[in-house]
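The following exercises introduce a structure step by step. Please study the sequence and the model, attempt each task, and then compare the result with the worked solution.

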Amino acid sequence: PFFSSFRIEMALTYRRKIQKEGNAVPDELEQNVAQALYDLEQGSDLKQDLRYLFIVAAKEVTVSAGKSAIVVVIPFRLLNNFRRIQTRLVHELEKKFAKNVVIIAQRRILQKPGRNNRVKRQKRPMSRTLTSVHNAILDELVFPAEITGKRLRYKIDGAKQLKVYLDKKDQQTMEDKVDSFCAVYKKLTGKDTVFTFESQFR
């Protein structure tokens, strides 16, 4: 039957744009994001750019009551390829899903060598440390906006909050996304942040 074959074709097309570890089955959101990428590849001028690109995961993060954001996770090796079209791609995905969308590269944090993990291995690269990975996530989260400064603040109760200064020139296009940035960064790293477009030298 026509509709049965159509459903099978739909199922096959989204699979071309997502590769999960261990051949895990993508959830509904991941299927929808992957299908959106496939549709953009077929029906827009992004065809050549998207041809060899795919994602590894997609997650929905609650921002506030009635508002959520979508985190699209991509292979680290494809980060530069995605960046070439990221502004346009994010715009198209946000139109489709009516949510803020951020793109983050998949990274692994290597533990510090210690008493309980004396496995012999080469020296841990700086890019795989906790601090380095969290800084990289921050840069990717706000892309294409530029971070002009950071300041760690201590609240009265002793809790830490990272204040991130973004370039004033990006305020018009990014201001409505800062609450999503805070929620996503908290979800991914456990750290509290506040984003501002004011000058850190005021």
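**Exercise 1. Determine whether Asn23 and Ala98 are buried or exposed, and describe their backbone.**

Solution. Asn23 is exposed, because its relative accessible area is 73% (buried means under 20% relative accessible area, exposed over 50%, partly exposed in between, with a 1.4 Å probe and protein chains only). The model is a predicted one, in which local features need pLDDT of at least 70 and side-chain atom pairs count only at pLDDT 80 or more, while totals for chains, interfaces and linings use all residues. Residues are numbered from 1 along each chain as its sequence is written, and side-chain values use heavy atoms, with hydrogens and water left out.

The next step is to place the residue. Asn23 belongs to the loop between α1 (2-15) and α2 (helices are DSSP runs of H or I with at least four residues, strands are runs of E with at least two, and both are numbered from the N terminus). Although Asn23 is not a glycine, its phi is positive, at about 55°.

Ala98 is treated in the same manner. Ala98 sits in the loop between α4 and β3 (100-105). With a relative accessible area of 70%, Ala98 is exposed. Its phi is positive, about 55°, although Ala98 is not a glycine.

**Exercise 2. State how many helices and strands the chain has, and in which pattern they follow along the sequence.**

Solution. The chain has seven helices and six strands. Along the sequence they give the pattern α-α-α-β-β-α-β-α-β-β-α-α-β.

Totals for the chain complete the overview. The chain has 202 residues, of which 43% count as buried. Its accessible surface comes to about 12800 Å², and 51% of that surface belongs to carbon and sulfur atoms (areas come from the Shrake-Rupley method with a 1.4 Å probe; for residues, only the protein chains shown count as cover). Among contacts with a separation of 6 or more, 60% join residues 24 or more positions apart (contact means heavy atoms within 4.5 Å).

**Exercise 3. Describe how α2 and α4 cross, and which residues meet there.**

Solution. First, consider the axes. Those of helix α2 (residues 28-43) and helix α4 (residues 79-97) come within 11 Å and cross at roughly 120° (axes are lines fitted to C-alpha atoms, for helices over the stretch in contact, and angles run from 0 to 180 degrees between N-to-C directions). The two helices are therefore oblique to each other (angles under 35 degrees count as roughly parallel, over 145 as roughly antiparallel, 65 to 115 as roughly perpendicular and the rest as oblique). The crossing of α2 and α4 is right-handed (a crossing is left-handed if the near helix is turned anticlockwise from the far one by less than a right angle, and right-handed if clockwise).

Second, list the residues. From α2, Asn32, Val33, Ala36, Leu37 and Leu40 meet Leu89, Glu92, Leu93, Lys96 and Phe97 of α4. The residues of this contact comprise seven nonpolar, one polar and two charged (Ala, Val, Leu, Ile, Met, Phe, Trp, Tyr, Cys and Pro count as nonpolar, Asp, Glu, Lys and Arg as charged, and the others, Gly among them, as polar).

**Exercise 4. Describe the contact of α5 with α7 and the setting of His134.**

Solution. The axes of α5 and helix α7 (residues 178-189) come within 11 Å and cross at roughly 155°. That angle makes α5 roughly antiparallel to α7. The crossing of α5 and α7 is right-handed. On the α5 side the contact is made by His134, Asn135, Ile137, Leu138, Leu141 and Val142, and on the α7 side by Phe181, Val184, Tyr185, Leu188 and Thr189. These residues divide into eight nonpolar, three polar and no charged.

His134 lies in helix α5 (residues 130-142) and is buried, at 6% relative accessible area. The C-alpha atoms of His134 and Lys191 are separated by 9.3 Å, with their positions 57 residues apart along the chain.

**Exercise 5. Identify what Glu94 and Val101 touch beyond four places in sequence.**

Solution. Glu94, in helix α4, counts as buried at 17% relative accessibility. Glu94 touches Lys99, Asn100, Val101 and Lys177.

Val101, in strand β3, counts as buried at 4% relative accessibility. Val101 is in contact with Ile70, Val72, Val90, Leu93 and Glu94.
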